[in-house]
Amino acid sequence: MTAALLALGFQPVWAAEPFEGAWARSRKECRDREGPSSGVLINLAGRENGKAAPLFDQYEHHCRIEKVDRSGAGARLSLLCYEFWEDYTANRNGRRETATLAPIDGNRLKIDGKTYVRCRD
């Protein structure tokens with residue numbers, strides 16, 4: 001997944017929002033860059049083919065962020081999600097979803113009520 005994101009121009013940037021960045025349910029999962037895990041990448045500054053493409057990405061759960069409703073430090077994301085990266089790039093078989101984000105502190109975030117830790121390189 002990481003290689004595909006970098007190839008499409010999803011470069012790591014300084015997070016403008018407290019919920020942007022790489023997250024996982026545990027530090028161990030932060031180190032697992034490939035394969036099934038709880039890892040989540042939230043990138044509002046994502047670009048695809050030279051155009052804005054905000055991204056909420058997990059293993060086999062790739063979502064374009066269509067709208068961000070902010071509430072204090074938290075947010076509710078309106079997403080268009082795809083199970084497979086090939087469907088994401090072809091823009092087919094998408095389904096609408098939402099994700100609720102609630103920062104706990106600079107290193108912890110609740111995503112839909114589950115606590116995640118910030119992953120650092």
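Me: Which residue lies over the face of Y116?

Reply: That residue is R25, placed at 5.6 Å from the ring centre of Y116. Please keep in mind throughout that this is a predicted model.

Me: Over the ring of which residue does the charged end of R64 sit?

Reply: The ring belongs to Y88, and the charged end of R64 is 4.0 Å from its centre.

Me: Y88 is an aromatic residue with a ring of its own to compare with others. How is a pair of aromatic rings described?

Reply: Two quantities are given for such a pair: the distance of the centres and the angle of the planes. In this structure there are two aromatic pairs. One of them joins Y82 and Y88, whose centres are 5.8 Å apart with 85° between the planes, an edge-to-face arrangement. The other joins W85 and Y88 in a stacked arrangement, with 4.6 Å from centre to centre and 15° between the planes.

Me: Why do these two pairs carry the words edge-to-face and stacked?

Reply: The words follow from the angle, because planes under 30 degrees apart count as stacked and those over 60 as edge-to-face. The 85° of Y82 and Y88 belongs to the edge-to-face case, while the 15° of W85 and Y88 belongs to the stacked case.

Me: Which residues do the ring pairs link into a cluster?

Reply: The cluster consists of Y82, W85 and Y88. Two of its members, W85 and Y88, lie in helix 3 (residues 85-90), three residues apart, which is about one turn of the helix.

Me: Is Y88 buried or exposed?

Reply: Y88 is buried, with a relative accessible area of 0%. Y82 is likewise buried, at 1%, and W85 is buried too.

Me: I should like to turn to charged residues. What can side chains of opposite charge do?

Reply: They can pair when their charged atoms come close. A search of the whole structure finds seven salt bridges. Among them is the one between E17 and R70, whose closest N and O atoms are 2.7 Å apart. This pair links distant parts of the chain, 53 residues apart: E17 is in the loop between helix 1 (2-7) and strand 1 (21-24), and R70 is in strand 6 (residues 61-71).

Me: Is E17 buried or exposed?

Reply: E17 is buried, since its relative accessible area is 19% and buried means under 20%. Its partner R70 is partly exposed, at 49%.

Me: With which residue does E66 form a salt bridge?

Reply: The partner of E66 is R96, and the closest N and O atoms are 2.5 Å apart. E66 lies in strand 6 and R96 in strand 8 (residues 95-105), so this salt bridge ties together parts that are 30 residues apart in sequence. E66 counts as partly exposed at 44% relative accessibility, whereas R96 counts as exposed at 61%. A further salt bridge joins the side chains of R108 and D105, at 3.0 Å from N to O. R108 is partly exposed at 36%, and D105 is partly exposed at 36%.

Me: Several of these residues belong to strands. How many strands close into a barrel?

Reply: Eight strands do so, in the order 1-2-5-6-7-8-9-10, with antiparallel pairing. Neighbouring strands of this sheet are turned by 30° against each other on average, direction ignored.

Me: With which strands does strand 1 pair?

Reply: Strand 1 pairs with strand 2 (residues 40-43) in the antiparallel sense over three bridges, and G21 stands opposite I42 in strand 2. Strand 1 also pairs with strand 10 (residues 114-118), antiparallel over two bridges. There, W23 has R118 as its bridge partner.

Me: Over how many bridges do strand 7 and strand 8 pair?

Reply: Strand 7 (residues 74-82) and strand 8 pair over seven bridges, in the antiparallel sense. In strand 8, L101 is the bridge partner of A75.

Me: As a last case, where is the place of Q58?

Reply: Q58 is in strand 5 (residues 55-58) and is buried, with a relative accessible area of 17%. The side chain of Q58 makes a polar contact of 2.8 Å with the side chain of H61. The C-alpha atoms of Q58 and S37 are separated by 8.0 Å, although these residues are 21 residues apart along the chain.

Definitions and conventions: Residues are numbered from 1 along each chain as its sequence is written. This is a predicted model: local features need pLDDT of at least 70, side-chain atom pairs count only at pLDDT 80 or more; totals for chains, interfaces and linings use all residues. Side-chain values use heavy atoms; hydrogens and water are left out. Helices (H or I, at least four residues) and strands (E, at least two) are DSSP runs, numbered from the N terminus. Buried means under 20% relative accessible area, exposed over 50%, partly exposed in between (1.4 Å probe, protein chains only). A polar contact is a pair of N or O atoms within 3.5 Å; within protein, one must be able to donate a hydrogen and the other to accept it, and residues adjacent in sequence count only if both atoms are side-chain atoms. A salt bridge is a side-chain nitrogen of Lys or Arg within 4 Å of a carboxyl oxygen of Asp or Glu. Rings of Phe, Tyr and Trp (its six-membered ring) pair if their centres lie within 6.5 Å; planes under 30 degrees apart count as stacked, over 60 as edge-to-face and the rest as tilted. A charge sits over a ring if NZ of Lys or CZ of Arg is within 6 Å of the ring centre and within 35 degrees of the ring normal. Two strands pair if DSSP finds at least two bridges between them. Axes are lines fitted to C-alpha atoms, for helices over the stretch in contact, and angles run from 0 to 180 degrees between N-to-C directions.
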